[in-house]
Amino acid sequence: MAASNGTMLTNNTISHDHDVLIQELNDKMADQMVPATVFISTMMVLSLVGNPMVCYYYGAKTKLTTNTFFIVILALYDVIVCAISVPGVIADMKFFYTFENNVACKLLRFVNYFGSIGSILTLIAIAMDRFKKICRLTKPQMGIRTAKLVSLGSIGIAIMLSWPCLAIFGSIQVPIPNTYGLDLMGADCTFTKDVAYQKYVWIFNGVLFVLSVGLSVILIVLYSIIVHTILSHKKRLIMHKPRKNRASSSTEVETSLTDCSHTADDKLKEKEKGEIKTLLATKSLAPRNDRHSTASKKSTNAQKESGIDSEAVKITVVMVIVNIVFIVSFLPYLSLCVWVVFKSQHESEFLSGAGLVLFKIGTRSFIFNSSLNPWIYGIFNSNFRHFYFGWLCRKR
């Protein structure tokens, strides 16, 4: 009996020591993750300040169009990601080896993927709307009702593609590298290591990676066509712009008069010469004026046929930049996720130090898009900028 009590005491002591050691290693890792935590927290603050501004301005202070509607939807996705998912990301780095809340892990990952997929589908909708407005101006355009249906469809697709997160993510036991030679196991919010689920993990990541690359290619192609159309329109306007060089016109008229005067009879009286010159000048100027009138009409017709105004160009420039930021920020995240699946190990087993910190930032790169979008609108939309900065100035 005494021996049995001694064994139980020893096991409890070892277990307690392991728990203390795991907590110490977790705290050490959390300290190492401080640069990543600070960076991601800054991105979260930028998003939570900027995106509600976007929602209010484009939702309440501008005319309702398909473009403003989609911008508000995009901002709402960004708010969802940064208000719900990013705090979970920070908690995941804080509890690097001690994230034991299985339900929270599943929900946070679901929200993360839902927001990201919804964002890229909304960007596709915006690109299609821009394409129709600039490249297919005479065709039927997307209306508000259609935009709402497209958004509802995007929400449905995002849910359908994100729900596997509830099955393949969770608080999973992971090995903790240490210098004590001990077999320590911690808990992290990551993909399941269960062999039975590995093919589903592969399918999930593979489908999302192919989908993201494919949709990114579609965005690049659509905006390439749009930019080409705008540049062609600009070139056409320059070609049809009427000439205003009066000096050249005067020279041409004068040359014409000189040539014609040499054909006149040298024996004509001075008065007759003057009358002929006046008549020739009138005839020479008339076609010139007709040419100017024709050029002006061509320029006007070119503008009417194209219908591309400066506002449409500005909106397109903003959306091109938003799409570039999205592609640059989202693809590293997906690439690193696929890489981890290939490695079939927890990141702490093959990375350490600065490499691990950069990896954590890279696997959260989708946050860049959510945080930078509202400030892109602020930089390139003077009305948006004046509305908020003007309000701040009046408060002073």
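**Figure 1. The second largest pocket of this predicted model and the residues around its centre.** In this predicted model, the second largest pocket is lined by 15 residues, and those lying nearest its centre are Leu25, Lys28, Met29, Pro177 and Asn178. The volume of this second largest pocket comes to about 290 Å³. Two helices, H1 (2-32) and H12 (353-362), each supply at least two residues of the lining of the second largest pocket. Helix H1 provides the largest share of that lining, namely 4 residues.

**Figure 2. The largest cavity and its lining.** A search of the whole structure finds 4 cavities of 30 Å³ or more, and the largest cavity has a volume of about 180 Å³. It is lined by 16 residues, of which Arg109, Thr190, Glu347, Thr363 and Arg364 are the closest to its centre. Two or more residues of the lining of the largest cavity come from each of H4, E2, helix H10 (310-343) and H12. Of the elements that contribute to the lining of the largest cavity, E2 gives the most, with 4 residues. As general background to such views, rolling a probe the size of a water molecule over the atoms shows where empty space is left.

**Figure 3. A salt-bridge network that includes Asp92.** The search of the whole structure finds 4 salt bridges, and this close-up shows two that involve Asp92. In one of them, the side chains of Arg109 and Asp92 meet with an N to O distance of 3.8 Å. Because Arg109 lies in helix H4 and Asp92 lies in helix H3 (residues 66-94), this pair ties together parts that are 17 residues apart in sequence. Both Arg109 and Asp92 are buried. Asp92 also forms a salt bridge with Arg364, and here the closest N and O atoms are 3.1 Å apart. Arg364 lies in the loop between H12 and H13, whereas Asp92 lies in helix H3, so this pair ties together parts that are 272 residues apart in sequence. Arg364, like Asp92, is buried.

**Figure 4. A salt bridge within helix H4, between Lys133 and Asp129.** The side chains of Lys133 and Asp129 meet in a salt bridge, with a distance of 2.9 Å from N to O. Both residues lie in helix H4, where they are 4 residues apart, which is about one turn of the helix. The two partners can be told apart by their exposure: Lys133 counts as partly exposed because its relative accessibility is 26%, whereas Asp129 counts as buried because its relative accessibility is 1%. Elsewhere in the model, salt bridges that share partners join Asp92, Arg109 and Arg364 into one network.

**Figure 5. The disulfide between Cys105 and Cys189, with other cysteines.** The count comes to 1 disulfide, and this disulfide joins Cys105 to Cys189 with an S to S distance of 1.9 Å. The torsion about the S-S bond of Cys105 and Cys189 is about 85°, so the disulfide is right-handed. Since Cys105 lies in helix H4 (residues 102-135) and Cys189 lies in strand E2 (residues 185-191), the pair ties together parts that are 84 residues apart in sequence. Cys105 and Cys189 are both buried. For Cys165, the closest cysteine sulfur is that of Cys105, and because the two sulfurs are 9.4 Å apart they are too far for a bond. Cys165 counts as buried, with a relative accessibility of 0%, and Cys135 also counts as buried, with a relative accessibility of 16%.

**Figure 6. A nonpolar patch on the surface.** Val103, Leu107, Ile157, Met160, Trp163 and Leu166 form a nonpolar patch on the surface, and together these residues have about 600 Å² of accessible area. The elements that give two or more residues to the nonpolar patch are H4 and helix H5 (144-162). One member of the patch, Leu107, has its place in helix H4, and Leu107 is partly exposed, with a relative accessible area of 49%.

**Figure 7. Leu372 and Leu46, apart in sequence and brought into one view.** Leu372 is found in helix H13 (residues 366-380), and Leu372 is partly exposed, with a relative accessible area of 34%. Leu372 and Leu46 are 326 residues apart in sequence, while in space their C-alpha atoms are 7.5 Å apart.

Terms used:
Residues numbered from 1 in each chain as written. Predicted model: local features only at pLDDT ≥ 70, side-chain atom pairs only at ≥ 80, totals over all residues. Heavy atoms only, no water. Buried < 20%, exposed > 50% of the residue type's maximum accessible area, 1.4 Å probe, protein only. Disulfide = S-S within 2.5 Å. Patch = residues over 30% accessible without salt bridge, like charges linked within 9 Å, V, L, I, M, F, W, Y side chains within 5 Å. Areas by Shrake-Rupley, 256 points an atom, 1.4 Å probe, with all protein chains shown as cover. 1 Å grid on protein atoms, 1.4 Å probe; cavity = no way out; pocket = protein on both sides within 12 Å on 5 of 7 lines; lining within 4 Å. Points joined across faces, edges and corners; volume = space filled by probe spheres on them.
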